[in-house]
Amino acid sequence: MKAIVVEELGSAQNMKYKEIDMPVISPKQVLIRVHTTSVNYADIKSRYGKKGAEKLPFVPGLEASGIVEEIGDEVTAFRRGDRVLAFPPHGSYAEYIAADENLTFAVPDRVDLETAGACGIVSFLSCKLLGEVARMQPGESVLVHAAAGGVGTTAIQVAKALGAGLVIGTVGSESKVKAALEAGADHVLCFERGKPLAEQVRHWTKGRGADIVLDSVGGELTQAGMDALAPYGRLVVFGNSSGEYGRIDTGNLHASCRSVLGYSLGTTRKERPDSLRSTAALVFRLMETGKLQVHIGKRFPLYEAPMAHEWVESRKSTGKVILFL
């Protein structure tokens, strides 16, 4: 079968489109013929050797949609021909993947496979962050950093679907404001305009600040998000696309009753995979009712994965970038 293989760490050009062996499934796995996979920032970090412990060479990718071709002897939830979304243990940039039964999810008839292949990481993550980690209550305000990206545009919609009273997005350039607004953000702060984050957020929230801040960027933006947080607010850290993690002065927590929380979907897939079953049900329910639409910003054939990575790294991308077969 054909796959994208990272042969050396570093440049996107170190990813090669080549023939590799078909995966062999275990008794509790399914073999899936891939329809769509997607580019997540974690894939880029893995390519640089900054995330995970993959040994060279390796197939990158965290999610894929497709059709079940074979089932292991102990699999009970799926049959050949089923349409599924899966988080495979050993990469998804390939024509076929092996996935554990408990990390494979049936795709409803009303959700197409392209959307399913784009939605997994961003929608499962958004629902976990808002519904379970931050425990968002109806009417609360939510601040979403990197609001024009795949997670950002999805988190905005999920926040609205779960009853957020106000959703504010931040973006790094003027060209990304439109994507965040189209996703449903009530206000978007563009850092090119040079406005202080906390000051602007307090203006939009009538002096209170944001009840929830979703931070996937890190660095100085973490402290800025902390400054914008309301009393009893929750700052949720789930990434560091800036390359650095922010530092928190714990003196900002005590009297204000603020909280700092951390979450990793990767850790959850390894340690608590069964908790994702209810998340999948919520994700697909929101999609079927039209409350969640995954914005696909750009499509590339699998063999152009290096170009897809370079596009995401350029910081010009909005929404999800997908690879199709």
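Select first the open sheet of six strands, whose order is E10-E9-E8-E11-E12-E13 with parallel pairing; two strands count as paired if DSSP finds at least two bridges between them, and helices (H or I, at least four residues) and strands (E, at least two) are DSSP runs numbered from the N terminus. At the edges stand strand E10 (187-190) and strand E13 (259-262), each of which pairs on one side only. Direction ignored, neighbouring strands of this sheet are turned by 20° against each other on average, where axes are lines fitted to C-alpha atoms, for helices over the stretch in contact, and angles run from 0 to 180 degrees between N-to-C directions. This is a predicted model, in which local features need pLDDT of at least 70 and side-chain atom pairs count only at pLDDT 80 or more, while totals for chains, interfaces and linings use all residues. Residues are numbered from 1 along each chain as its sequence is written, and side-chain values use heavy atoms, with hydrogens and water left out.

Next, colour strand E11 (210-215), in which six of six residues are buried, buried meaning under 20% relative accessible area, exposed over 50% and partly exposed in between (1.4 Å probe, protein chains only). E11 pairs in the parallel sense with E8 over three bridges, and Val142 has Ile212 of E11 as its bridge partner. E11 also pairs with E12, again in the parallel sense, over five bridges, and here Val213 stands opposite Leu235 of E12. Moving to strand E8 (residues 141-144), one finds four bridges in the parallel sense to strand E9 (residues 166-171), with Ser141 partnered by Leu166 in E9.

Now add the helices that pack on this sheet. Helix H2 (residues 113-133) lies across E8, E11, strand E12 (229-237) and E13, and runs at about 145° to E11; contact means heavy atoms within 4.5 Å. Helix H6 (residues 220-227) touches E11, E12 and E13, and its direction makes about 155° with that of E12. E11, H6 and E12 together make a right-handed β-α-β unit, right-handed meaning that, with the strands pointing away from the viewer, the path from the first strand over the helix to the second runs clockwise.

Two residues deserve a look at their backbone. Most residues other than glycine have a negative phi, and most peptide bonds are trans. Tyr232, which lies in strand E12, has a positive phi of about 65° although it is not a glycine, and Tyr232 counts as exposed because its relative accessibility is 58%. Lys206, in the loop between helix H5 (197-204) and E11, has a positive phi of about 55°, and counts as exposed at 82% relative accessibility.

Then go to Pro57, in the loop between helix H1 (41-47) and strand E4 (64-71), where the peptide bond from Leu56 to Pro57 is cis, with omega near -10°.

For another group of strands, select strand E15 (residues 320-324), four of whose five residues are buried. Strand E3 (residues 29-39) runs antiparallel to E15 and is joined to it by four bridges, Val39 having Val321 as its bridge partner. Strand E14 (residues 296-301) pairs with E15 in the parallel sense over five bridges, and Pro301 stands opposite Phe324. With helix H9 (residues 305-313) between them in the list, E14 and E15 make a right-handed β-α-β unit.
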